[in-house]
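Let's take a friendly walk through a protein model together. Keep the sequence and the 3D view open as you read.

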Amino acid sequence: RVALLDESFYPIPGYSGDDCMAVVEPGLRQKVSWKKGDRVDGIDGPVRVRVDWEGLRPEDAQLFAVYVGEGKDR
């Protein structure tokens, strides 16, 4: 799951890990969405991105990059 945090490491309402729809597919450039949708709106200022691993063997997960962009169709 992916959470967006403010500069003090607090989850931004609507973009917490609990609000995130689980990313279950492997591969590069997997789209992240939250209960309110896949667009990030109404946030002023910098954000931090936290990725939490879940599943049977979360210690096997590998993160190579986090892409933040305008979400153009692929």
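Phe 9 counts as exposed because its relative accessibility is 53%, and the cut-off for exposed is over 50%. Keep in mind that you are looking at a predicted model. You can find Phe 9 in the loop between S1 and S2. Its backbone is worth a look too: Phe 9 is not a glycine, yet its phi is positive, at about 70 degrees. Most residues other than glycine have a negative phi.

Asp 6 is in the loop between S1 and S2 as well. Is Asp 6 buried, partly exposed or exposed? With a relative accessible area of 28%, Asp 6 is partly exposed. Leaving out residues up to four places away in sequence, Asp 6 touches Ile 12 and Arg 48. Try picking out Arg 39 as well: 33 residues separate it from Asp 6 in sequence, and the two C-alpha atoms are 17 Å apart in space.

**Strands and core**

Now turn to strand S1, which covers residues 2-5. Which residues cover its two faces? Val 2 and Leu 4 lie on one side, Ala 3 and Leu 5 on the other, and all of them are buried. S1 runs antiparallel to S2, and four bridges join the two strands. One pairing to look for is Leu 4, whose bridge partner in S2 is Val 49.

Leu 4 also belongs to the largest nonpolar core, together with Val 2, Ile 12, Tyr 15, Cys 20 and Trp 34, which makes six residues. In soluble globular proteins, nonpolar side chains tend to be buried together. What does Ile 12 touch, not counting residues up to four places away in sequence? Its contacts are Leu 4, Leu 5, Asp 6, Ile 43 and Val 47.

**A nonpolar patch on the surface**

Some nonpolar residues sit on the outside. Val 47, Val 49, Trp 53, Leu 63, Val 66 and Val 68 form a nonpolar patch on the surface, and together they have about 550 Å² of accessible area. Leu 63 is a good member to highlight: it is placed in the segment after strand S2 (48-51). Leu 63 counts as partly exposed because its relative accessible area is 48%.

**Charged pairs**

Side chains of opposite charge can pair when their charged atoms come close. How many salt bridges does a search of the whole structure find? The search finds four, and the table shows some of them.

| Side chains | Distance, N to O |
|---|---|
| Lys 31 and Asp 38 | 2.6 Å |
| Glu 59 and Arg 57 | 3.6 Å |
| Asp 60 and Arg 57 | 2.6 Å |

Arg 57 appears in the salt bridge with Glu 59 and also in the one with Asp 60. These residues, Arg 57, Glu 59 and Asp 60, are linked in a network of salt bridges.

How open to the surroundings are these charged residues? Arg 57 counts as exposed because its relative accessibility is 52%, and Glu 59 is exposed too. Asp 60 has a relative accessible area of 45%, so it is partly exposed. Over in the pair with Lys 31, Asp 38 counts as partly exposed, at 35% relative accessibility.

How values were computed
Residues are numbered from 1 along each chain as its sequence is written. This is a predicted model: local features need pLDDT of at least 70, side-chain atom pairs count only at pLDDT 80 or more; totals for chains, interfaces and linings use all residues. Side-chain values use heavy atoms; hydrogens and water are left out. A nonpolar core is a set of buried Ala, Val, Leu, Ile, Met, Phe, Trp, Tyr and Cys residues joined through side-chain atoms within 4.5 Å. Buried means under 20% relative accessible area, exposed over 50%, partly exposed in between (1.4 Å probe, protein chains only). Contact means heavy atoms within 4.5 Å. Patches are made of residues with over 30% relative accessible area and no salt bridge: like charges are joined within 9 Å, nonpolar side chains (Val, Leu, Ile, Met, Phe, Trp, Tyr) within 5 Å. Accessible areas come from the Shrake-Rupley method with a 1.4 Å probe; for residues, only the protein chains shown count as cover. Two strands pair if DSSP finds at least two bridges between them.
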